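User: Could you walk me through the pockets, salt bridges and strands of this protein? I would like to follow the reasoning as we go.

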Amino acid sequence: MMDRSLSSTCLADAVTSLSRLPHWQRFGTLAGVQGAALSVTGLGQGLTIGDRLRITRERGPAIEGEFVAFTPGRAVAVPEGSTEGLGPGARIWLEQPLVLYPSDAWMGRVIDSLGQPMDDRGPLPQGARGVALRQKAPSAMRRRLVGGKLETGVRAIDVFTPICRGQRLGIFAASGVGKSTLMGMLARGVEADVIVVGLIGERGREVKEFLDHTLGEEGRRRTVVVVATSDEPALARRRAAQATLAVAEYFRSEGKQVFLLLDSVTRLAHAQREIGLAAGEPATARSYTPSVFTELPALLERAGPGVEGEGDITAIFTVLVDGDDHDEPIADAVRGILDGHLVLDRRIGERGRWPAIDVLRSVSRALPRCHDARQNALLATAKRCLATYADMAEMIRLGAYRNGSDPEVDAAIQHHPGLDAFLNQDIDERSAAADSFGRLADLLPAR
């Protein structure tokens, strides 16, 4: 009996002593650097794609990175930052997965892709529950259906391309056509508990402009903004997109109605292309790697309705179409994933109508059930007038069309100035959906 008691005491002492030792860490060795890819040996089994690492070097601070591929006997990683100062045999430490701890106190704050504050408003309060950056979308059989209509305050959207709670839409436009301005209008006017904005690959000088002018103090008060500027490494830009979705998912799980704006999916695709090429993936359409087209649905599907008892993430994803080509690979892939799209046309903006939404090329898959019968009838009449005028616009401008030749064209010409004014909206103007339909009813004849 004495021996058993002594053994128990010794075992307890050993456990206590071990608990006081520093936590062990796995480390490996840098075997080679080729472009943006690092070859690592010595970490053994148990690594997974996406594991984080830290590289110590003789000169300068440590570099962080991520494992992106494996070859027999070696792991391939991509660093976050310059590889200057790295040499053969540098020590590679395996790091813990990154976890964010959001809370209601994050509203009004600006954070980076690591969840660190970027503004001058003091330390960022941490919540009690952690959320991983990479999560699976809710089960297709468990998540709720898209909810009721969500008013945005933008007439062209609320009437022609309405959004329902939990819906996901894309804004497709070339550069300089007003994507950021439209995002600011939506953030200030939309009915939501929390707004989460992700600025991915944004120009550094435009971040503060977006916060102070486009978003404004009113919009910023209920908004969490995640930023990764264009000069940051590809891993940071991709991680910022994942962090944006993770923060939105946290608030959705708390039962809140979340409005998410991510600008832009194209820059996320560029970041993933850099990572994929470094990992040795083959280049496909427009040099995009296969992992780009795997990453897009994995990220975009995370938005949408939650399961029973949760809120919804209503999401707007912007797509920067290269060279005004709306059929380029990223635009084509995203259009097939989302529940609708808004097309911004440079020619409309050049004519002085803002937001420059081409309502004839824009689609919301919430229609027709999002509107009642009267509203759908008004919408059909308005679209018919706009389409008829667009078909005959060249002849009308040249003076080749004579009034009285076609009643439909005559009506389109008569109502076009009013419809054009209806679609034009000041950036600080908010229009209730009921008022918008009332104004449209006054413009168009009863059918």
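Analyst: Happy to help; below we go through this predicted model question by question.

User: Let's begin with the largest pocket. Which helix gives the most to its lining?

Analyst: The largest pocket has a volume of about 490 Å³. Of the 17 residues that line this pocket, I348, R351, Y389, A390 and H416 are the closest to its centre. Helices α9 (346–350), α10 (373–398) and α11 (407–423) each supply at least two lining residues. The top contributor, with 5 residues, is α10.

User: And by class, how many residues in the lining of the largest pocket are nonpolar?

Analyst: The lining of the largest pocket splits into three classes. There are 7 charged residues and 1 polar one, and the nonpolar count is 9.

User: Now the second largest pocket. Which helix supplies the largest share of its lining?

Analyst: This second largest pocket has a volume of about 380 Å³. Its lining has 17 residues, and those closest to the centre are K179, S180, T181, R203 and E206. Both α3 (179–189) and α4 (204–220) supply at least two lining residues. The largest share, 4 residues, comes from α4.

User: How many charged residues are in the lining of the second largest pocket?

Analyst: Sorted by class, the lining of the second largest pocket holds 4 nonpolar and 6 polar residues. The charged count there is 7.

User: On to salt bridges. How many residues apart in sequence are the parts tied together by E217 and R121?

Analyst: E217 and R121 form a salt bridge whose closest N and O atoms are 4.0 Å apart. E217 sits in helix α4, while R121 is in the loop between β8 (110–111) and β9 (131–132), so the pair ties together parts whose separation in sequence is 96 residues.

User: R134 and E295 also form a salt bridge. Which of these is buried and which is partly exposed?

Analyst: The closest N and O atoms of R134 and E295 are 3.8 Å apart. R134 lies in the loop between β9 and β10 (149–150) and E295 in helix α7 (residues 290–300), so this pair links parts 161 residues apart in sequence. Buried means under 20% relative accessible area. R134, at 46%, is partly exposed, and E295, at 11%, is buried.

User: In the salt bridge of D345 and R347, is R347 buried or exposed?

Analyst: The side chains of D345 and R347 meet at 3.1 Å, N to O. D345 has a relative accessible area of 8%, so D345 is buried. For R347 the value is 55%, and a residue counts as exposed over 50%, so R347 is exposed.

User: Which residues are linked with E80 in a network of salt bridges?

Analyst: By the salt-bridge rule, the count for the model comes to 29. E80 belongs to a network of these contacts, and its other members are R52, E64 and R239.

User: Why is strand β5 described as largely enclosed by the rest of the structure?

Analyst: Strand β5 (residues 74–80) pairs in the antiparallel sense with β2 (residues 37–41) over 3 bridges, and S39 stands opposite V76. With β4 (residues 63–71), β5 pairs in the antiparallel sense over 7 bridges. The strand is largely enclosed because, of its 7 residues, the number buried is 6.

User: Which residue takes a positive phi in the hairpin of β4 and β5?

Analyst: T71 stands opposite R74 in β5. The hairpin has 2 residues between the strands. The one with a positive phi, near 85°, is G73.

Terms used
Residues are numbered from 1 along each chain as its sequence is written. This is a predicted model: local features need pLDDT of at least 70, side-chain atom pairs count only at pLDDT 80 or more; totals for chains, interfaces and linings use all residues. Side-chain values use heavy atoms; hydrogens and water are left out. On a 1 Å grid over the protein atoms alone, a cavity is a set of points where a 1.4 Å probe fits but cannot get out, and a pocket is an open set with protein on both sides within 12 Å along at least five of seven lines; lining residues have an atom within 4 Å of a point. Grid points are joined across faces, edges and corners, and a volume is the space filled by probe spheres set on the points. Ala, Val, Leu, Ile, Met, Phe, Trp, Tyr, Cys and Pro count as nonpolar, Asp, Glu, Lys and Arg as charged, and the others, Gly among them, as polar. Buried means under 20% relative accessible area, exposed over 50%, partly exposed in between (1.4 Å probe, protein chains only). Two strands pair if DSSP finds at least two bridges between them.
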